[in-house]
Amino acid sequence: MAGLGLVLHPTRDVTEVVGIIERWATRHHKSLFVRTEDKHRVPAGVEPVPENEVAVRADALISIGGDGTMLGALRSAIRDPKPVLGVHLGRLGFLVEIEPPALPEALSRLLSKDFTIESHACLACDVCGDDVVAFNDIALVRRPGSGFVTATLAVDGQQYGYYRADAVVVSTPTGSTAYSYAAGGPLISPAADAVVVTPSAPMAGISRSVVLSGGEKIRLELEPHSSAVVVEMDGLVFRDAANEGAVDISYRRDAGLVVRFDPLRYQERNQLKMSLLDLPFLPEQLKALLPEELQNPNENEFPPRC
């Protein structure tokens, strides 16, 4: 392993974590790369390069942040997937595995190839002629106060039905725990090759989630009387105020590679987080349910307040 690419959370303070990585890299004579726009956030020993070269020049990527940062790291390596190690600086985090104190050991295991790879699929999308990829989901969302998203669904060229809803969310198995889940969609096993289409607050048309195979081609086309919609990709606005057009979606296997050190423990932790999301309590109320020896006022791992 010659070098590591750093993908930083856009706003959080990453100084401590980057310092740990730089000291480790110096001891092991490894290069570090970061996009030029972030050079003021890292020590001088980290080489700034154009954004599209970080994943190209690195043997692996270190995502420092939460799930959004992790998704960005996966998208940045879509043309030549590299292993991505997630370091947790977010609030909840379903994709990231490593906490900052465990980082030195994790980096050494990464160097010695003592890890497993978790393969992630993505959605390859043609949005009115523009190509984008999404590892969680792509969504057509109504602009507030502008009516409803009205769109038809076609599967492998065959008309399936229509939606009239606040949003229509198309997600991967990984993304099934995100926007689709919040809209009432099912949890899909990460081992499944499947795509789930879920309407949010449907008013008419298809009112339940539709689960499709990874081999089926999906097309969502706006109806002439639809409100203007926002197209979101992994929670980021890709196109604002679209009034017409279509989104063609294909499922692409093995598009992203995530580093896992303890897959079983990781899955158990995520099951706990999912159960906590379904409890209607504030974080301090959840803490009160724990035995006294497990209550730690200095560390809050519970979901943030809505």
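The buried residues of helix α4 are covered by elements that include strand β1 (3-8), helix α1, and strands β4 (60-65), β5 (83-88) and β18 (246-260). The model is predicted. Four residues of α4 are buried: L103, A106, L107 and L110. These residues span an arc of only 100° around the axis, and therefore lie on the same side of α4. The spacing fits a general rule. An α-helix has 3.6 residues a turn, so residues three or four places apart point the same way.

Helix α1, one of the covering elements, was examined further. It comprises residues 15-28, and α4 comprises residues 103-111. The two axes come within 10 Å and cross at roughly 45°. Angles from 65 to 115 degrees count as roughly perpendicular, and those under 35 degrees as roughly parallel. The pair α1 and α4 is therefore oblique. The crossing of α1 past α4 is right-handed.

Side by side, the contact residues are as follows. Helix α1 contributes V17, I20, I21, W24 and H28. Helix α4 contributes L103, P104, L107, S108 and L111. Eight of the residues in this contact are nonpolar, two are polar and none is charged. L103 and L107 are among the α4 residues that meet α1, and both are also among the buried residues of α4.

Backbone geometry was considered next. Most residues other than glycine have a negative phi. Several residues depart from this pattern. K113, just after α4, takes a positive phi of about 60°. H29 also has a positive phi of about 60°, although it is not a glycine. H29 sits in the loop between α1 and β2 (31-35). Its relative accessibility is 71%, so H29 counts as exposed. D254 is another residue other than glycine with a positive phi, here near 55°. D254 is located in strand β18. With a relative accessible area of 53%, D254 is exposed. Strand β18 is itself one of the elements that cover the buried residues of α4.

A further site lies in strand β12 (residues 194-200), which contains S200. The relative accessibility of S200 is 16%, and the cut-off for burial is under 20%. S200 therefore counts as buried. Its contacts were listed without neighbours within four places in sequence. On that basis, S200 is in contact with A165, D166, A167 and A183.

How values were computed
Residues are numbered from 1 along each chain as its sequence is written. This is a predicted model: local features need pLDDT of at least 70, side-chain atom pairs count only at pLDDT 80 or more; totals for chains, interfaces and linings use all residues. Side-chain values use heavy atoms; hydrogens and water are left out. Axes are lines fitted to C-alpha atoms, for helices over the stretch in contact, and angles run from 0 to 180 degrees between N-to-C directions. Helices (H or I, at least four residues) and strands (E, at least two) are DSSP runs, numbered from the N terminus. Angles under 35 degrees count as roughly parallel, over 145 as roughly antiparallel, 65 to 115 as roughly perpendicular and the rest as oblique. A crossing is left-handed if the near helix is turned anticlockwise from the far one by less than a right angle, and right-handed if clockwise. Contact means heavy atoms within 4.5 Å. Ala, Val, Leu, Ile, Met, Phe, Trp, Tyr, Cys and Pro count as nonpolar, Asp, Glu, Lys and Arg as charged, and the others, Gly among them, as polar. Buried means under 20% relative accessible area, exposed over 50%, partly exposed in between (1.4 Å probe, protein chains only). The arc is that of the directions from the helix axis to the C-beta atoms.
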